[in-house]
Amino acid sequence: MTHIQVLSDKPTLISHALNLIVDKIHTTLQQQDKFTLALAGGSTPKPLYEALAQQSLPLEKIHIFWGDERYVPADDNESNQLMARQAWLDQVDFPPANIHPMPTNNNDPAHDAQTHEQEIREFFGVKAGEFPTFDLILLGMGDDGHTASLFPKTEALTVSDRLVTVGNKDGKPRLTFTYPLINHAHCVMFLVAGENKRPALAQIFSENGDETLYPAKAVKPQGELIWLLDEAAGAELNG
Ligand code: 6PG
């Protein structure tokens, strides 16, 4: 089931996303004892993470992963882990064991991708060939229509038998969730703001957009798909 919501501006988008996420956490934890959340990187979600730091949440029941990571040290300004820690995770009392960053410190992206895959499998108790179900995966979208680190025309788009693989942005390695892992989620929520996202969104929401050129188009989760757009990004989308 797909929901598309166009909010008046970015602060309104962030506040709406916050309410949806907090509500989803509380509702889910009435049925189960853990909430598994994969964070998006980039700049859009930073104010959302800062707002989450102000919320009173059952942190001991929330497990944090990342949908992708630049292959840089965890203290590098490019690190998605660093951004989320500075905005939220290190500002509140998360149990350290509940935070599951993608490893990027062995000078071997393929090996680190396998290591993280094993960590996810062990956490969820799933065997090779099976895919775990995250409660919520947050995603952004680049101007080129990439999402996570699934970039146009890259090999990562073709990986169907793993949870984590090596992405490639202009020759620089990244680690990324694969399509099958993303599409096994209970809920995937895109947060997209800014006029520069319009051309890619037009392709993604058109019948004949090419998924290899606009990778976000191939995100079709078995659960809920929510697109939260600000007016600048989503004004031209009808419906
Ligand atoms: C990353 C992200 C990436 C991001 C998009 C949008 O590691 O950069 O995971 O997929 O979500 O590039 O980035 P902005 O939010 O900065 O536009």
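**The ligand and its pocket**

In this predicted model, the ligand is surrounded by 15 residues, the closest being S43, T44, D68, A148 and K197. By class, this shell holds nine polar, four charged and two nonpolar residues.

Three of the ligand's polar contacts can be followed in the structure. A polar backbone atom of A148 lies 2.7 Å from an oxygen atom of the ligand. The side chain of K197 places an N or O atom 2.6 Å from a ligand oxygen, and for the side chain of R174 the corresponding distance is 3.3 Å. On its own the ligand has 420 Å² of accessible area, and the protein covers 87% of this.

The ligand sits in the largest pocket, which encloses about 490 Å³ of space. Its lining comprises 29 residues, with G42, R70, H146, K169 and R174 closest to the pocket centre. R174 therefore appears twice in this account, as a residue close to the pocket centre and as a side chain with an N or O atom 3.3 Å from a ligand oxygen.

Several strands contribute to this lining: β4 (68-70), β5 (136-139), β7 (172-177) and β8 (187-192) each supply at least two residues. The largest share, three residues, comes from β7. Twelve of the lining residues are nonpolar, nine polar and eight charged.

The second largest pocket holds about 150 Å³ of space. Its lining includes M1 and T2, together with I204, F205 and residues from A216 onwards such as K217, V219 and W227. Here the lining divides into eight nonpolar, two polar and two charged residues.

Conventions:
Residues are numbered from 1 along each chain as its sequence is written. This is a predicted model: local features need pLDDT of at least 70, side-chain atom pairs count only at pLDDT 80 or more; totals for chains, interfaces and linings use all residues. Side-chain values use heavy atoms; hydrogens and water are left out. On a 1 Å grid over the protein atoms alone, a cavity is a set of points where a 1.4 Å probe fits but cannot get out, and a pocket is an open set with protein on both sides within 12 Å along at least five of seven lines; lining residues have an atom within 4 Å of a point. Grid points are joined across faces, edges and corners, and a volume is the space filled by probe spheres set on the points. Helices (H or I, at least four residues) and strands (E, at least two) are DSSP runs, numbered from the N terminus. Ala, Val, Leu, Ile, Met, Phe, Trp, Tyr, Cys and Pro count as nonpolar, Asp, Glu, Lys and Arg as charged, and the others, Gly among them, as polar. A residue is near a molecule or strand if one of its heavy atoms lies within 4 Å of it. A polar contact is a pair of N or O atoms within 3.5 Å; within protein, one must be able to donate a hydrogen and the other to accept it, and residues adjacent in sequence count only if both atoms are side-chain atoms. Accessible areas come from the Shrake-Rupley method with a 1.4 Å probe; for residues, only the protein chains shown count as cover. A molecule sits in a cavity or pocket if more than half of its atoms lie within 2 Å of its grid points.
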